[in-house]
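Here are some short exercises to work through with the model open beside you. Try each task before you read its solution.

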Amino acid sequence: MMNYALDDWNYNPSLWIKNEPFAGLKNLGQTCFLNSVIQQLYHLFPVRYFMSTYEFKKDDELKTLQDIFLQMSFSSRSVIDTTTFVKTWHIWEKELLNPNEQQDSVEFFLALINSLPSKITDLFKGELIHFTSGVDTDFQQESPEAFYNLSIAIKDQVDILYYLLLKNT
């Protein structure tokens, strides 16, 4: 029988222990969009609180997301695995997420927000009012529309990086 030191196998369990106050999320292929949205939501205290304390039914798909939030808070691991969420949460038209297919972060955020309890979605909900009035006639109409994100254009800038670099010089 041969004896090998742990270093011979390039195995070091201490690499998986959390040294920082926060845990990361495991990339399952092309899940950066998912990881970034979950991490941003987690770092908003009201969202983290509601997700951690909400009483989901046992068979609710969002129970796996709640588990991720709880693991990010209380696990001693440095990386949290999102596989269970990806394998159980249905996105567009009851289709499961494909971890090997890149998705748009904003589209994912909107799909996720629309599936969360109203205590959470109401934190992000705004209302835009379209106002139409007649030029030569006495006509006015207001049409409210809910929104969860805003696209912000930066005037006369190529992109956000260009703007940040310009501001710092």
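**Exercise 1. Find the buried residues of helix H1, and say what covers them.**

Solution. This is a predicted model, so a good start is to pick out the residues of H1 with under 20% relative accessible area, the cut-off for buried. In H1 these are Phe33, Leu34, Asn35, Val37, Ile38, Leu41 and Tyr42. Next, look at what lies over them: the cover includes strand S1 (24-25), H2, H3, H4, H5 and helix H6 (118-124).

**Exercise 2. Which residues have the most contacts inside the largest nonpolar core, and which helix gives the most to this core?**

Solution. The largest nonpolar core has 31 residues. Inside this core, the most contacts belong to Ile38, Leu65, Phe85, Trp89, Leu97, Phe108 and Leu112. Now sort by helix: H1 (32-42), H2, H3, H4 (83-88) and H5 (105-115) each supply at least two residues. H1 gives the most, with six residues.

Take Trp89 as a closer look. Leaving out residues up to four places away in sequence, Trp89 touches Glu61, Leu62, Glu95, Leu96, Leu97, Phe108, Ala111, Leu112 and Ser115. Ring pairs also link Trp89 with Phe33, Phe85 and Phe108 into a cluster.

**Exercise 3. Classify the ring pair of Tyr42 and Phe69: stacked, tilted or edge-to-face?**

Solution. The structure holds eight aromatic pairs, and this exercise takes up one of them. A ring pair is described by the distance of the centres and the angle of the planes. For Tyr42 and Phe69, the centres are 5.7 Å apart and the planes stand at 55 degrees, so the pair is tilted. Then place the partners: Tyr42 lies in helix H1 and Phe69 in helix H3, so the pair ties together parts 27 residues apart in sequence. Finally, check burial: Tyr42 is buried, with a relative accessible area of 5%, and Phe69 is buried too, at 1%.

**Exercise 4. Describe how helices H2 and H3 cross, and which residues make the contact.**

Solution. Two packed helices are described by the angle and the distance between their axes. The axes of H2 (residues 45-53) and H3 (residues 63-74) come within 8 Å and cross at roughly 115 degrees. The crossing is left-handed. On the H2 side, the contact is made by Val47, Arg48, Met51, Ser52 and Thr53; on the H3 side, by Leu65, Gln66, Phe69, Leu70 and Ser73. Sorted by type, the residues of this contact are five nonpolar, four polar and one charged.

Definitions and conventions: Residues are numbered from 1 along each chain as its sequence is written. This is a predicted model: local features need pLDDT of at least 70, side-chain atom pairs count only at pLDDT 80 or more; totals for chains, interfaces and linings use all residues. Side-chain values use heavy atoms; hydrogens and water are left out. Axes are lines fitted to C-alpha atoms, for helices over the stretch in contact, and angles run from 0 to 180 degrees between N-to-C directions. Helices (H or I, at least four residues) and strands (E, at least two) are DSSP runs, numbered from the N terminus. A crossing is left-handed if the near helix is turned anticlockwise from the far one by less than a right angle, and right-handed if clockwise. Contact means heavy atoms within 4.5 Å. Ala, Val, Leu, Ile, Met, Phe, Trp, Tyr, Cys and Pro count as nonpolar, Asp, Glu, Lys and Arg as charged, and the others, Gly among them, as polar. A nonpolar core is a set of buried Ala, Val, Leu, Ile, Met, Phe, Trp, Tyr and Cys residues joined through side-chain atoms within 4.5 Å. Buried means under 20% relative accessible area, exposed over 50%, partly exposed in between (1.4 Å probe, protein chains only). Rings of Phe, Tyr and Trp (its six-membered ring) pair if their centres lie within 6.5 Å; planes under 30 degrees apart count as stacked, over 60 as edge-to-face and the rest as tilted.
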